[in-house]
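Trainee: I have a structure to look at and would love some company. Could we go through it together?

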Amino acid sequence: MNKKILLGLIIFSLYTGISYGANRIVVLNADAIKILVALGATDRIVGMADKKPKLLPSLLKDVPEVGSLGSPNIEAIVKLEPDVVIAYDSWPSQDFLEDKLLPFGIKVLRIACYKINSFTEDIKILGNLVGKEKRAQEFIEFFQKYLGLILERTKGIKKKLKVYLEYQDYSTVSGGSGGDELLKIVGLENIASEFKIPFPKVSPEWVLAKNPDVIIKVPRLGVKEVNEDIFKELINRPGWKELKAVKEGKVHLVSYYEIWAGPKAIIGALYLAKWCYPDAFLDINPEAIHKELAKKFYHEDLKGVYVWP
Amino acid sequence: MYMFGLNVKKIIFMVIAAILLIFLAIWATAQGVVSLSLRDVFNIILSKIFPFVKFEIPRLPQIIVWNLRLPRVLLAIIAGAGLALAGTVMQAIMRNPLVSPFTIGTSSAAGFGASVAIVLGVGIAGTGKYLIIGNAFFFAMLSVLLVYGIARIRGVSAETLILAGIVVMYFFSALTSLLQYLATKEQLKGVVHWLFGNLALARWENLSIIFMMFLLSFLLTMKYAWDFNALAAGDEVAISLGVNIRQVRLISLVLATLITATIVCFTGIIGFVCLVAPHITRMLVGNDHRFLLPGSCLVGAILLLVADTIGRTIIQPVEIPIGIITSFIGVPMFLYLLLTKKKKYWQ
């Protein structure tokens, strides 16, 4: 184990008093849930925030809800008698959570789980928390294998393709955000990376003027799957017929909830790499790797449509 | 019906409202995810106030009642009373039924202060988690200076104060929108959450600050009750009755803003109660401010307490923001009184 991580873990466990092998966990961090499920610790999750059944693994359907992430219901959490509550690194704020849970002696673990650059550490910490170190190591190896492959094969690319990445309509991401990080790993250039605002809303004209090589849309419509209608609407926007990306067929939809945010982001990255630099990834089949991941860590047989086309 | 020069009907109304409020407070404390009986609540409170009283109560309900529910219930009561007081005072000095700390910019300024702390992480006053509170309070007080300063240029009258207030409100709202535009997703959530208003952060130490401020504003504005009655007849009449209208307006405006700022900087923006509570009370006890001021406080407290309790329990464990529930309860109540009362109550 990396020395830094080990030290961090020791300090963390001394500081919070959380023992390894937590048995009852309330998870407010939706991305941490995906990791815990992959580690085979689903049965440890006794409560969660913001249940959206359409986005959940079926195993979690009966887990009670403890309010929303923004204002968790402390009474509902306390009633479940958890060993630890897992929240995002800076959300909800301390006065909503730690301050309120203190009189009950319930500990809080803060962790990101949504940044591709910190997945390794995050998975390790959660693996230790639930005593599934071996499974965590397998998950990390799977993730590292493909991350290394992408980095290796895109390293030598001289002319980086320019990408316009969109979430909500005409809402893009600037440097430092999770989406921008993902593009960088695949050796792509985000046309909006220079903006100072984290999630800038751009004008349609600006997109036309920039004329990107690739357009990626990550819709967040409350369902995992993407479909042709969204795609058609996208390429039929005024003036888009003339865009380089549209003409060359480099416009793609990616499922936010399935393969963009959280621990499965590596699949999203593989698709991006294959679409943008097909010659370097001839032997790679992202769909097959996605299926393998789903089967191995989530015991699911994938049937849905998570990218288009 | 009069006795010793006092209107007995109005006094009976106050007494009934006060008893209702106490009953509702105990009822509200019994509601929540962990179910408790009224008796449990009563016993827990008794044993906390009088340590020598011993009841057999498990530890968990004790902590829940004492650390979570009771501070929240009391905050709803004091915040409701304070906001209603501020609304009544502002409506009196501006002689306008539509005025409240919200229409004249106090809360949008507080919202801007909180947004600056959340989005930019900088503040005028306070550090850490008190940054938001300090900033919200500072900008709320700044707004009243701006309103009064602008109004003074043209002579302080009801109209100039209202117009200046509206300008200030739009100015701070625009600034807040700009900050929301610059915010990250997390910060935006924080800002929106704050602007919705929330009583979940109630703590004993904050409660005492708000309570002291409420007591101060209440006692000082009660001193002006007669002057408010005189103002209702018009500035000329009030002057001829010997009221120093400029002083009354300035001091009352500052007091109303002070209590509003103190409340909203801890709770976020809770609207409507300060507009609707004075009207409901006016329809029930009339326009005599000796009764209207304390009556509004009682009505505001009941309204906010009921709204918060419904908001946190109706689809528990998920909470509905208090601003939404306040409107759902206040609107029908207000409409009912408006449509059934024969007398023109606003005079």
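Trainee: Into which domains is chain A divided?

Mentor: Good place to start, and keep in mind that this is a predicted model. Following chain A along its numbering, one part covers residues 3-131 and another covers 153-308. These are domain 1 (3-131) and domain 2 (153-308).

Trainee: Which element gives the most to the side of domain 1 of chain A that touches domain 2 of chain A?

Mentor: The C-alpha centres of the two domains lie 29 Å apart, and their contact takes 16 residues from domain 1 and 15 residues from domain 2. On the domain 1 side, the elements giving two or more residues are α2 (30-38) and α5 (119-129) of chain A. The one that gives the most, with five residues, is α2(A).

Trainee: How many residues on that side of domain 1 of chain A are charged?

Mentor: Let's split that side by class. It has 10 nonpolar residues and one polar residue. The charged ones number five.

Trainee: Now chain B: are α3(B) and α12(B) roughly parallel or roughly perpendicular?

Mentor: Helix α3 (residues 59-94) and helix α12 (residues 273-285) of chain B have axes that come within 7 Å and cross at roughly 75°. Angles of 65 to 115 degrees count as roughly perpendicular. Therefore α3(B) and α12(B) are roughly perpendicular.

Trainee: How many charged residues does the contact of α3(B) with α12(B) have?

Mentor: Among the residues making the contact are B:L83 and B:Q91 of α3(B), and B:V273 and B:P278 of α12(B). By class, the contact has eight nonpolar and four polar residues. As for charged residues, the contact has none: no charged residues.

Conventions. Residues are numbered from 1 along each chain as its sequence is written. Chains are lettered from A and ligands numbered from 1 in the order in which they are written. This is a predicted model: local features need pLDDT of at least 70, side-chain atom pairs count only at pLDDT 80 or more; totals for chains, interfaces and linings use all residues. Axes are lines fitted to C-alpha atoms, for helices over the stretch in contact, and angles run from 0 to 180 degrees between N-to-C directions. Helices (H or I, at least four residues) and strands (E, at least two) are DSSP runs, numbered from the N terminus. Angles under 35 degrees count as roughly parallel, over 145 as roughly antiparallel, 65 to 115 as roughly perpendicular and the rest as oblique. Two residues are in contact if their C-beta atoms, placed from the backbone, lie within 7 Å. Ala, Val, Leu, Ile, Met, Phe, Trp, Tyr, Cys and Pro count as nonpolar, Asp, Glu, Lys and Arg as charged, and the others, Gly among them, as polar. Domain bounds come from an automatic or database domain assignment.
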